[in-house]
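Visitor: I have just opened this one and would like some help finding my way around. Could you walk me through it?

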4 protein chains.
Amino acid sequence: MSPEPILDIAHLGHLELLTPKPQESLDFFVDVMGMTESGRSGDSVYLRGWDDYEYHTLKLTASAKPGMGHMGFRARSPQALERRVAALKDTEFAIGWTDGDNGHGPAFRCRDPDGHVIELYYETVRYEAPPALRPALKNQAQRFPARGCNVRRLDHLNCLARDIAANRVFFETYLGCRLTEQIVLDSGIEAGMWMTFTNKSYDFAYTRDATGSMGRFHHLTYAVDSREDILRAADIFLEAGVPIESGPHKHAVQQTFFLYVFEPGGNRVEIANAGARLILAPDWKPVVWTETERKKGQAWGLKTVESFHTYGTPPV
Amino acid sequence: MSPEPILDIAHLGHLELLTPKPQESLDFFVDVMGMTESGRSGDSVYLRGWDDYEYHTLKLTASAKPGMGHMGFRARSPQALERRVAALKDTEFAIGWTDGDNGHGPAFRCRDPDGHVIELYYETVRYEAPPALRPALKNQAQRFPARGCNVRRLDHLNCLARDIAANRVFFETYLGCRLTEQIVLDSGIEAGMWMTFTNKSYDFAYTRDATGSMGRFHHLTYAVDSREDILRAADIFLEAGVPIESGPHKHAVQQTFFLYVFEPGGNRVEIANAGARLILAPDWKPVVWTETERKKGQAWGLKTVESFHTYGTPPV
Amino acid sequence: MSPEPILDIAHLGHLELLTPKPQESLDFFVDVMGMTESGRSGDSVYLRGWDDYEYHTLKLTASAKPGMGHMGFRARSPQALERRVAALKDTEFAIGWTDGDNGHGPAFRCRDPDGHVIELYYETVRYEAPPALRPALKNQAQRFPARGCNVRRLDHLNCLARDIAANRVFFETYLGCRLTEQIVLDSGIEAGMWMTFTNKSYDFAYTRDATGSMGRFHHLTYAVDSREDILRAADIFLEAGVPIESGPHKHAVQQTFFLYVFEPGGNRVEIANAGARLILAPDWKPVVWTETERKKGQAWGLKTVESFHTYGTPPV
Amino acid sequence: MSPEPILDIAHLGHLELLTPKPQESLDFFVDVMGMTESGRSGDSVYLRGWDDYEYHTLKLTASAKPGMGHMGFRARSPQALERRVAALKDTEFAIGWTDGDNGHGPAFRCRDPDGHVIELYYETVRYEAPPALRPALKNQAQRFPARGCNVRRLDHLNCLARDIAANRVFFETYLGCRLTEQIVLDSGIEAGMWMTFTNKSYDFAYTRDATGSMGRFHHLTYAVDSREDILRAADIFLEAGVPIESGPHKHAVQQTFFLYVFEPGGNRVEIANAGARLILAPDWKPVVWTETERKKGQAWGLKTVESFHTYGTPPV
């Protein structure tokens, strides 16, 4: 009998995005993406999609360069958080406790092998809609904004990394992530990994940084309800002058219907939808894509845009 | 600190549906719903949606009367199955072990307080598509059928019961189900419950049987990718002469976009979609709907059809 | 050989809507429907959908009671307008020339047999988007608003009338309208008619006023691109507290996917979509619905709401 | 006052497609596209979409090479047909009368300046569905097939030509086509034209043959109801092994949402949707795209695939 899986992390909670153009970035997320501001603190603005249940899923922080400040994962229980901290605290990856933030209680910080900062927390601040934003249906966090792309909830994020395998082992060992799909080159080198804590087919992905840099960020993704919403988002980005990098199209990997753009601060942002696809099998066998298979491009034949392998934030 | 949640059950695996018109029911599920036959055994045919990873999610069995034979839940691991059996085996609910079925290994059977038969299993038979049904993308169980309603995967089921609260306590205590939404009448009597093992907002629902009967079945539901798919399904049912009971419309409870029809054997079948909605919070606070709130009807004002409270299978 | 059809009218151009709550109605059309204001004059505000090519398709005028001020049809050419005026000017229906309005040149006014005011014009004012509303693609009248329901263009209107047959003959004889569908009761009395000048299956409909009143208005309809847009509109109306009368559902007649609400002034407003349906046959045989057929309700079984036969503006 | 427009042609009625692989092409149109066979004659099979009102919109004819046999336009009336024949019969373009075909009565044939064969007819054979294909709603030609891509109706065709301007003048002068959009190079040479007889923004397009050949065919297009239908079609083509050339994406010209594939005989086939877009203005000013504008690619940035300018049937 195999050992039982670690189930201590509940889901991706938020990420901190760094932007050299804070006002333009804020306008983009509020007016074009259709997100809601929950509050401000120092150089940061806290934002969320209309269905995100926590105070924030995006912390937008003014910075000299674009990139990701940190990513936050919510533990399933106080005991679960303690177990993860116990496993991490004496390793080379540990940073230590913080007092928390506007949106959550005490958090334990660590670094993945590539240097990205990770925050684990359990206590959270649930979003309470002010009267003007109260929804008509009580099982919804906030009223539907009817503005811009109307993104629903944070879906996943994607980091670049030098050594995918090392990061995979780290996330499996210390956080109990399950690998659902990966790319393995003919040389045996792992070039991409998609991992999950939930029934979503991934909560984050890591892909190889073709520039050999470390600690960089690839993109964050908000989910909408249908592929039609993504096509409409493409119209909205076009009208708003937001640069479209690629899409809308369907990824072969994970079958996500995607659209990639750049927010004014230079970070890549995706709007995506996976239909009703979920990973329900508790013992899902990871799907392994070969180099040859990936050369076929995306699901319906679109070639992967070259910048996808080289552009990350901060740029190099 | 609260005790930690039980996470032993992974997901709803399948249900056995009884039909007095086996050939007509089979034609309905294959030709109109767009499902695939995996095999046959005795009086039963095993069926699945194109994205269901197991051998079957629906076992269609010839019977004098319509109704549900049993529902099957897959445990997260062998150890998890053992724990659930240990908790159940000496209770009034226990039935005992079976050798399994075409689609899975040994299963432990029990009864909920209303008499519905439940099966717990871990070992499963993964669906292997024959050459003609192999998908173009390797991360998909089977090729998309392009036939009828093209239902994707089993989503949930709904039973009728005399005492909702007793059933809720049973599922919470013995199976670790989480309650996400419920209806509580002004009298304090619970009239409906929606429970989940996953990030779906429910894997099954129980609603009060207005006839006072026990052990009856309300409906099973297959998911499609978009609300547009459900509107198209309505066209297809209309053309095929399948009786539509209610919808398409949006439920206030759970916000599911629904369409209810009757299969030839008399059982109620739903096609549904919840957009990108997921329950990610590990400590989700159940949404409680009052009698007054439920009298408003569905989300956009459609009155709940009367037969919804009284018709179940077997009919009384 | 039959005589050739009259092809002098190009399309429904606009309608004037009367409202006792001008500011609330304006807010509804701009903020909830997503329309754009082109200008104001006296007690009127001129509005349009983002794809309407003329200055306005809706003239909203303050008035003691709700209802329709007039409907405007654009002629295909100056010569075509002259022919229609020549046919009408000495009849009991004629009113005479007006100097035009903000959105168009001289117009000839007449009344249908039920008393609704009709305006025929050729010279029009094309909408010129101000810089902030210029579209990214030059083949579009205005940038997509990304606000509220984002209605695209005026689709049709519906009047109530005492004598449908008399109105049908009037529109066929004097304006060259083509009847595409109608309801004929068992008594032989016509109860509804759908007429067109274009390849749309109708530019307007007349249905019998069950109250026996004359000159009343039933609803105006703006088109959106997909059925999904209408489902989303239902969400938006729900959030905005706009009363939903019926839908979303699919009409049996004309197969229009519909959603009816009431604007603050009391007038009924529809959002609709017909998919890719067009009437291309120049000699289309009108579809005649019997009393028995209409009793089946709408396409998927929804019963026609009672207020649909009795409520019009002004109310009686 | 300008002369009045010619309104004698009602719509594109059908085209004859030549295929060197008649059985494979037939299987493609019936099984993958979801079309219905109306009948056969000699080496030809007659096909239509479920909403096409005529006997056929596609005549599939076995031939040594792929390409288009002819295109057929239906006149608005017998008198209108006479007028068009009178205008053409003594010109260099005239071929003469044929007795008609399975799907229509006597037709007058001519050639455009590039050599494509055109057929004008008025008398037509309306499709009568056999019992098994009778629709549930009487205002529909045939029941919805629920098979493959379920294409609704013939939308348009596209020819390649050496001299676009000459063809434009021919269609304007002899058939009364209205130009809605065109591409004019910096040299003043016309490189593409989109023309219509209806409220659709085009019934056919001609684009310049980069190989300098004459009489070639670019593609035919069937319409579906939504962009979601086209995304689903892409999935279906992928599963069926049908080569996808480009898309799904949105054209800048005409804003059509498109998907191009190759049928087994080698002809290019498009599935498209234009939302609720219609050209209602009787005096629409053609939109002129410059060389610079076209270099931007499609609406959301996809580069036009090179084969689009060079591949036509028969291939050269």
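**Where the chains meet**

Guide: Chain C and chain A bury about 1,500 Å² between them, with carbon and sulfur atoms giving 52% of that area. Please keep in mind throughout that this is a predicted model.

Visitor: Which residues of chain C lose the most area to chain A?

Guide: Those are C:F144, C:R232 and C:E239, which together make up 42% of what the chain C side buries. The contact as a whole takes 20 residues from chain C and 20 residues from chain A.

Visitor: How many salt bridges are there between chain C and chain A?

Guide: The count is 4 salt bridges, and one of the residues just named takes part in a salt bridge, since C:R232 is paired with A:D229, their closest N and O atoms being 3.5 Å apart. Across this interface there are also 12 residue pairs in polar contact. By class, the side of chain C that touches chain A divides into 8 nonpolar, 4 polar and 8 charged residues.

Visitor: OK, and what about chain A and chain B, how much area is buried there?

Guide: About 4,500 Å² is buried between chain A and chain B, and carbon and sulfur atoms give 55% of it. On the chain A side, A:K138, A:N139 and A:L280 lose the most area to chain B, together 15% of what that side buries. In terms of contacts, 54 residues of chain A meet 54 residues of chain B.

Visitor: How many salt bridges cross that interface?

Guide: The rule finds 8 salt bridges between chain A and chain B, including the one that A:E4 forms with B:R83, where the closest N and O atoms are 2.7 Å apart. There are 31 residue pairs in polar contact between these two chains.

Visitor: Which element of chain A gives the most to the side that touches chain B?

Guide: Helix α2 of chain A gives the most, with 5 residues, while β1 (9-19), β5 (67-75), α2 (78-88) and β17 (287-290) each supply at least two residues of that side. Sorted by class, the side of chain A that touches chain B has 25 nonpolar, 11 polar and 18 charged residues.

Visitor: Changing topic to chain D: is strand β8 buried or exposed?

Guide: Strand β8, residues 117-121 of chain D, has 5 of its 5 residues buried, so the strand is largely enclosed by the rest of the structure.

Visitor: And which way do those residues point?

Guide: D:V117, D:E119 and D:Y121 point one way from β8(D), whereas D:I118 and D:L120 point the other way. As a general rule, side chains in a regular strand alternate between the two faces of the sheet.

Visitor: What does β8(D) pair with?

Guide: Strand β5 of chain D, residues 67-75, pairs with β8(D) in the parallel sense over 4 bridges, and there D:R74 stands opposite D:Y121. Strand β7 of chain D, residues 107-111, pairs with β8(D) in the antiparallel sense over 5 bridges, with D:R111 opposite D:V117. The hairpin of β7(D) and β8(D) has 5 residues between the strands, and D:G115 in this hairpin takes a positive phi near 100 degrees.

Visitor: One last residue, then: where is D:D235, and what does it touch?

Guide: D:D235 lies in helix α4 of chain D, residues 227-240. Leaving aside residues up to four places away in sequence, D:D235 touches A:R227, A:K250 and A:W300. With a relative accessible area of 5%, D:D235 counts as buried, because the cut-off for that word is under 20%.

Notes. Residues numbered from 1 in each chain as written. Chains lettered and ligands numbered in written order. Predicted model: local features only at pLDDT ≥ 70, side-chain atom pairs only at ≥ 80, totals over all residues. Heavy atoms only, no water. Buried < 20%, exposed > 50% of the residue type's maximum accessible area, 1.4 Å probe, protein only. Pairing = 2+ DSSP bridges. Contact = heavy atoms within 4.5 Å. Buried area = accessible area lost by both parts, 1.4 Å probe. Salt bridge = Lys/Arg side-chain N within 4 Å of Asp/Glu carboxyl O. Polar contact = N/O pair within 3.5 Å; in protein donor to acceptor, adjacent residues only side chain to side chain. Nonpolar A, V, L, I, M, F, W, Y, C, P; charged D, E, K, R; others polar.
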